[in-house]
Amino acid sequence: MCQHPCDVHNPCASGAICINTNHGSDCSCPEYYHGNGYVGCVPGKTFILKNYQQIINVLYPSVMDNVNICQYNEDCPPDKYCDRLNRRCINPCIEDSCGENAECFPTNHAIECRCWDEYVGNPYVECSRILGCRSDQECNQYEACVNGQCVSPCQCGIYAICDVINHQAFCKCPVGYTGNPEIACQPPQNPCEPNPCGLNALCELDRGNPICYCPKGLTGNPFKNCKPKNPCDPNPCGLGAVCDSSRQPVCYCPERTVGNPYRSCVEPVLTPELCKPGPCGRNADCYVANSREECYCRPGFIGDPYSGCREIPRSACEPNPCGPGAQCIITPEGHSMLPIST
């Protein structure tokens, strides 16, 4: 349970007041008394300070006359607050807590910060100089300097059109309207005759009011100019594709790319053709079977088709496989053999 420190343990002297402060306790002498609240308090001499009815404890008349002694802010004049550590009434602006370019004013025992003249902002953080104009030349050509601010100088009448040229406003009635543009322009009986809209725009009435719009196939500001739509704005093509408004269709894949131009165009993946040239050896031919390369010796040749094929000999003894001076004969099975001597 949370309790006041003074309720748990009162360290003050007899007659002194225990004050709960920041999770601790402090001892103070009551009104009209002076001394050390931890040691003892004795009656003191008092008087009233000017119109604030402030109680002053005069401990040392020759040195401390007219020094404000306080216990609470209410013991001080409104332009001071109570420094409870030293029991003195001091100016709260003695430590300037205002922002940059701001001034501190003591008010009701606290501070009030105000920006300097011709400055604006949060006076407790920072005030900045008011930025304004002094002449029309400091504004862009479509604005004028009015009361230190660059604003539009237009103050034309109802339905009037205002053009600003070199900081000056010129009022005029729209085409087909009559009257004094400085006061009001009177609309024609049929606001769409003559056409008040922009170039190539159409006009139609909506509850008696003219509505300007661009016809089908044109786009733009109907009050200024309608022009053919650009089929490439926004770009309808896919990644890597090119849009050309003069082509039909407008999207196409550039050279050396393939794909759907409305989705994406990519470089083609080159897959090597089988058997071109192939893994076969000399005098062998390559064939594709089940997406695999297979080599075969050509007719009249035998051997390993992957390393090389040789021509089939006319007989088993050609060339002679026997040693020097030996005779080669062919067996009934067609094999060569060396005759056995008897």
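The legends below describe close-up views of a predicted model.

**View 1. Two spans carry the UniProt feature "domain: EGF-like".**
The feature comes from an unreviewed UniProt entry, which places it at residues 188-227 and 228-266. Residues 188-227 are 0% helix and 42% strand. The end C-alpha atoms of this span lie 27 Å apart. For residues 228-266 the values are 0% helix and 28% strand, with 32 Å between the end C-alpha atoms.

**View 2. Cys-6 and Cys-18 are joined by a disulfide.**
The whole structure contains 22 disulfides. In the link of Cys-6 and Cys-18, the S to S distance is 1.8 Å. This link is left-handed, with -80° about the S-S bond. Cys-6 belongs to helix H1 (residues 5-8) and Cys-18 to strand S1 (residues 17-21), so the disulfide ties together parts that are 12 residues apart in sequence. Cys-6 counts as buried because its relative accessibility is 13%, under the 20% limit for that class.

**View 3. A disulfide links Cys-192 and Cys-203.**
The sulfur atoms of Cys-192 and Cys-203 are 2.0 Å apart. The link is left-handed, at -70° about the S-S bond. Cys-192 sits in the loop between strand S18 (184-186) and strand S19 (202-206), while Cys-203 is in strand S19, so the pair ties together parts that are 11 residues apart in sequence. Both Cys-192 and Cys-203 are buried.

**View 4. Cys-237 is joined to Cys-251, and Arg-247 sits over the ring of Tyr-252.**
The disulfide of Cys-237 and Cys-251 has an S to S distance of 2.0 Å. With -90° about the S-S bond, this link is left-handed. Cys-237 is found in the loop between strand S22 (225-228) and strand S23 (242-243), and Cys-251 in strand S24 (residues 251-252), so parts that are 14 residues apart in sequence are tied together by the pair. Cys-237 and Cys-251 are both buried. The charged end of Arg-247 is placed over the ring of Tyr-252, 3.7 Å from the ring centre.

**View 5. Cys-2 is exposed, and Cys-322 is in no disulfide.**
Cys-2 counts as exposed because its relative accessibility is 82%, over the 50% limit for that class. Cys-322 takes part in no disulfide. The nearest cysteine sulfur to that of Cys-322 belongs to Cys-328, 4.2 Å away. A disulfide requires the two sulfur atoms to be within 2.5 Å.

**View 6. Trp-116 and Tyr-119 form an aromatic pair.**
There are three aromatic pairs in the structure. One of them, Trp-116 with Tyr-119, is edge-to-face. The ring centres of Trp-116 and Tyr-119 are 5.7 Å apart, and the planes meet at 80°. Trp-116 is partly exposed, with a relative accessible area of 39%. Tyr-119 has a relative accessible area of 17% and is therefore buried.

**View 7. The charged end of Arg-114 sits over the ring of Phe-105.**
The distance from the charged end of Arg-114 to the centre of the Phe-105 ring is 4.0 Å.

**View 8. Strands S11 and S12 form a hairpin.**
Strand S11 covers residues 119-122 and strand S12 covers residues 126-129. The two strands pair in the antiparallel sense over four bridges. Three residues lie between S11 and S12 in the hairpin. Asn-122 has Glu-126, in S12, as its bridge partner.

**View 9. Cys-133 is in the loop between S12 and strand S13 (144-146).**
Cys-133 has a relative accessible area of 8%, so this residue is buried. The C-alpha atoms of Cys-133 and Gly-148 are separated by 4.7 Å, although the two residues are 15 residues apart along the chain. Neighbours within four places in sequence are left aside in the contacts that follow. Cys-133 is in contact with three cysteines by name, Cys-139, Cys-145 and Cys-150. The contacts of Cys-133 also include Glu-138, Val-146, Gly-148 and Gln-149.

Terms used
Residues are numbered from 1 along each chain as its sequence is written. This is a predicted model: local features need pLDDT of at least 70, side-chain atom pairs count only at pLDDT 80 or more; totals for chains, interfaces and linings use all residues. Side-chain values use heavy atoms; hydrogens and water are left out. UniProt positions are given in the numbering used here, feature names are shortened, and annotations may be inferred rather than shown by experiment. Buried means under 20% relative accessible area, exposed over 50%, partly exposed in between (1.4 Å probe, protein chains only). Rings of Phe, Tyr and Trp (its six-membered ring) pair if their centres lie within 6.5 Å; planes under 30 degrees apart count as stacked, over 60 as edge-to-face and the rest as tilted. A charge sits over a ring if NZ of Lys or CZ of Arg is within 6 Å of the ring centre and within 35 degrees of the ring normal. Two strands pair if DSSP finds at least two bridges between them. Contact means heavy atoms within 4.5 Å.
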